[in-house]
Number of protein chains: 2
Amino acid sequence: MSDSKPYRDLIEHWKKLSAVRTSASLLEWDQQTHMPPGGAAYRGEQMATLASIAHEMTIDTRVGEWLAECEADIDLISDAGSDSAANLREIRRAYDHATKLPAELVNEMARAQSAAFVAWEKAKGANDYAIFKPHLQTMIDLNRRQAECFGWSDDGEPWDALADLYEAGMTAKMVEGVFTPLREQLVPLIDRLLSTGKDVRGTFDDVAIPRDAQMRFVRMVSDRLGFDYQRGRIDLAPHPFCSGTHCHDVRLTTRFQDTVLTDGLGSTMHESGHGMYEQNLPADKIGTPAGHAVGLSIHESQSRLWENHVGRSLAFWRWAQPKLSEYFGDAFANHTAEDGYASCNAVQRSLIRVEADEVTYHMHIMIRFELERLMLAGELSAEDVPEAWNARYREYLGIDVPSDARGCMQDVHWSYGSMGYFPTYTLGSLYAAQFFATAQNELGDTDAMFAAGNFAPLKDWLTEKIYSVGHLYDSETLCERVTGSKLSAEPFMQHIRGKLLPLYGLN
Amino acid sequence: MSDSKPYRDLIEHWKKLSAVRTSASLLEWDQQTHMPPGGAAYRGEQMATLASIAHEMTIDTRVGEWLAECEADIDLISDAGSDSAANLREIRRAYDHATKLPAELVNEMARAQSAAFVAWEKAKGANDYAIFKPHLQTMIDLNRRQAECFGWSDDGEPWDALADLYEAGMTAKMVEGVFTPLREQLVPLIDRLLSTGKDVRGTFDDVAIPRDAQMRFVRMVSDRLGFDYQRGRIDLAPHPFCSGTHCHDVRLTTRFQDTVLTDGLGSTMHESGHGMYEQNLPADKIGTPAGHAVGLSIHESQSRLWENHVGRSLAFWRWAQPKLSEYFGDAFANHTAEDGYASCNAVQRSLIRVEADEVTYHMHIMIRFELERLMLAGELSAEDVPEAWNARYREYLGIDVPSDARGCMQDVHWSYGSMGYFPTYTLGSLYAAQFFATAQNELGDTDAMFAAGNFAPLKDWLTEKIYSVGHLYDSETLCERVTGSKLSAEPFMQHIRGKLLPLYGLN
């Protein structure tokens, strides 16, 4: 690599910017976990100040100059898999995103978000879509203007421009290409499973268990999976998240119910997947884009791999079930490993995305994707959202939406104008299945390992193939490098069929 | 007040700077309380970045221009007790301090601090002053150069230049003026008390008590004193501190031993005093200097007032002792309120400042003050520090120093080059005594209030007279406004004599 001064200056500047961003991330973690209630208003000021400093650092004219010089330096960009190429690609992306939006539009968006959030809360509480409707229309209009500023490719569409904020290069066509076969197989599969009339859940989720014992239990599990508590911690939060301030300090959060062990456990395994990814990023590239995780889909693939492919396997429950008595006395004395396994794999049609199971979940995502795509193309106005929403819930999930509060107003995202990232959740599941199938091929009998509580081979494999690679490649390239194939819905469908058909007595 | 645009711009800029500083303060709190061990190195990067951003914002040339314009605006500065006058005075002070030091000296100091800290740790561990000596000499030399940069008044001396960093306008002469009569009375008083040969401590501190019960107990006490847990919290930390991120979010920390209730309790009451000051600063002036606490001495006066004048009073123990059974079962069944009171008021000569009692403590401070003053005046070199130290411990405390590790190397401060602020601890005790005497005059029988667990009148009085006033005045002016007199050692001596002579059977 050339000893380029502009490159060194750029990287030094970007590391400083990362330190500001990760500081803001700690403030956010604190806000969700430890901040006393009175602190909220001024915490907003602190966050806004750090965000504005980070923004000013991103659009610094020197960044544009350094980038131009570096991009003309063949030594820095010729090797597409080099740190310098990855750094320049990602800094360019961030710089373009930040500089392409005029300040007036940013301000208009911020004001509209505040108003829309308040209206959404009120509208949802009163189940009165009319209150939210004009704000959603404003959000659609502003997002269309944002998309115009970013631009999209000739064979693309406005949705692509916003999706790129969350996942480099993600396009509606690419998403559609995997979503369509997925939907065509999932809809009849769900019908088949539920037509058995079988309730596999049993009483495992009805067992009352103290929350402090749950915390000790999930801490033990995440430690065993490979989350490093010397470089991380776990706390309670109402909406669990993993805050990756940097690879040496990763904060998991979780939540518990008074019954339903699988809720807190699944949530913890999910966040542990995010956390192990963060902890095993290349430490020597800390603060640079090359040392970051790939976009949201790959991050979500790791949370879902550990939550679904490990935590929802019978092998995992064969290891976990005998441990329950250590933490919960004889509360689960009458429940087997099979009961735990069945409980966390039950399928049911439901209205609410965040409560959905591993299978029906994706129908919720597809509906949002389709609606956002239409909204951003100017083909669906706020006026017509509820009808379009309800029609799809009937078609894809066979369920009647009884109210807009539990329908198109259930999620907060549109109130703050976020459009374009819901698909990363489903893509995460698909990537997870494809990665895991490859891991099984290469590692051998993972079930035997899990049943023995031996998760290290899987974690080491993921570390080598994905975590330690950082952000050298985009999601699609990484997927091909790791699995030898482009992303497809097939491994996911095989995983789901292989697990659920037997569970529901089908074949 | 004039509607001055430069003033508005300056204040807006300063509020942004405050948001950065208070964000850094949260990172520091987290580092001491929750951060996993692995996070330390990168946390240093984050702190350094925020510090450098805050420094750049402080020395921004616009700050100098705004200040010059505002200081020429009679409407802003004519009323010495106005917000604008206070804001301009304090911003000027910060700007001058930050701009007067050349960058090379700052960098040289930073490098020297790192090296000196490492050497100090090693030297202290090995009890080998020779290892630390050259580093201390470097620190003396660098501090003398810093003092030259800041400057001091014609009748002053180098120590004043550094002391002003911690307490506006504090001078060696002013400190000497109160320290001399204090020492002249304390030395014989300590002799008299200890010549009785009486051990008042008893067995109160030998009672084994669970740490979680101690936490519940001190939380109840601090809540009762008036610390607001809706706008604050308490956590464990190895070296307790109070981190005032802002008045709506104040973080106390404390520590516990397996016995010695009065250690954790005293520490909590001390930090609660700091915390109540922060919580009751004027909320509408948040982020501006006028809304800050006055310098370190007044802050320390509040921690010591609650720790010593409340927590070490017999009246407090009459309220607290009957509560002990609620938290500790029958552990204290054989101990009276008088036992608790005696235990936390025992006097003994000791080598270590941070373990010293309310009386002998000040001798430790005076010794450091005298030595720093000589070092900065160029009259004491690192070579001669141990001898000068040991001679004073013999003279003032009647104690032989057995090793430099427990002598002149006991405190960390000189290793990072801090000189000029030790006296604020003793000044804090003196201010506390003078404020409390005034409060007693105005409120009536505070003992009856304390014995009934009624601390609100004192807290309300302090809020009105001190907390809500923010930083409109410097310490000396505030003292005169609140007590009608200049600071004097007399109220402290009366407090100490009134308490200790009877306790030791003297009069």
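## A buried leucine in chain A

At 3% relative accessibility, A:Leu105 counts as buried, because the cut-off for buried is under 20%. The model is a predicted one. A:Leu105 sits in helix α6 of chain A, which covers residues 103-126.

What does A:Leu105 touch, leaving aside residues up to four places away in sequence? Its contacts are A:Leu142, A:Arg145, A:Gln146 and A:Cys149. Take A:Cys149. In sequence, 44 residues separate A:Leu105 and A:Cys149. In space, their C-alpha atoms are 9.8 Å apart.

## Where two chains cross

Two packed helices are described by the angle between their axes and the distance between the axes. Here the pair is helix α2 of chain A (residues 40-59) and helix α1 of chain B (residues 5-33). Their axes come within 9 Å and cross at roughly 105°. That angle makes α2(A) roughly perpendicular to α1(B), because 65 to 115 degrees counts as roughly perpendicular.

Which residues meet? On the α2(A) side they include A:Tyr42, A:Arg43, A:Leu50 and A:Glu56. On the α1(B) side they include B:Lys15, B:Ala19, B:Thr22 and B:Leu26. By class, this contact of α2(A) with α1(B) has six nonpolar, six polar and five charged residues.

## An enclosed helix in chain B

Helix α16 of chain B runs over residues 361-376. How far should its 16 residues span? At 1.5 Å a residue, the expected span is 22 Å. The end C-alpha atoms of α16(B) are 23 Å apart, which agrees.

Of the 16 residues of α16(B), 15 are buried, so this helix is largely enclosed by the rest of the structure. After α16(B) comes B:Gly378, with a positive phi near 80°.

Terms used: Residues are numbered from 1 along each chain as its sequence is written. Chains are lettered from A and ligands numbered from 1 in the order in which they are written. This is a predicted model: local features need pLDDT of at least 70, side-chain atom pairs count only at pLDDT 80 or more; totals for chains, interfaces and linings use all residues. Side-chain values use heavy atoms; hydrogens and water are left out. Helices (H or I, at least four residues) and strands (E, at least two) are DSSP runs, numbered from the N terminus. The expected span of a helix is 1.5 Å times one less than its number of residues. Buried means under 20% relative accessible area, exposed over 50%, partly exposed in between (1.4 Å probe, protein chains only). Contact means heavy atoms within 4.5 Å. Axes are lines fitted to C-alpha atoms, for helices over the stretch in contact, and angles run from 0 to 180 degrees between N-to-C directions. Angles under 35 degrees count as roughly parallel, over 145 as roughly antiparallel, 65 to 115 as roughly perpendicular and the rest as oblique. Ala, Val, Leu, Ile, Met, Phe, Trp, Tyr, Cys and Pro count as nonpolar, Asp, Glu, Lys and Arg as charged, and the others, Gly among them, as polar.
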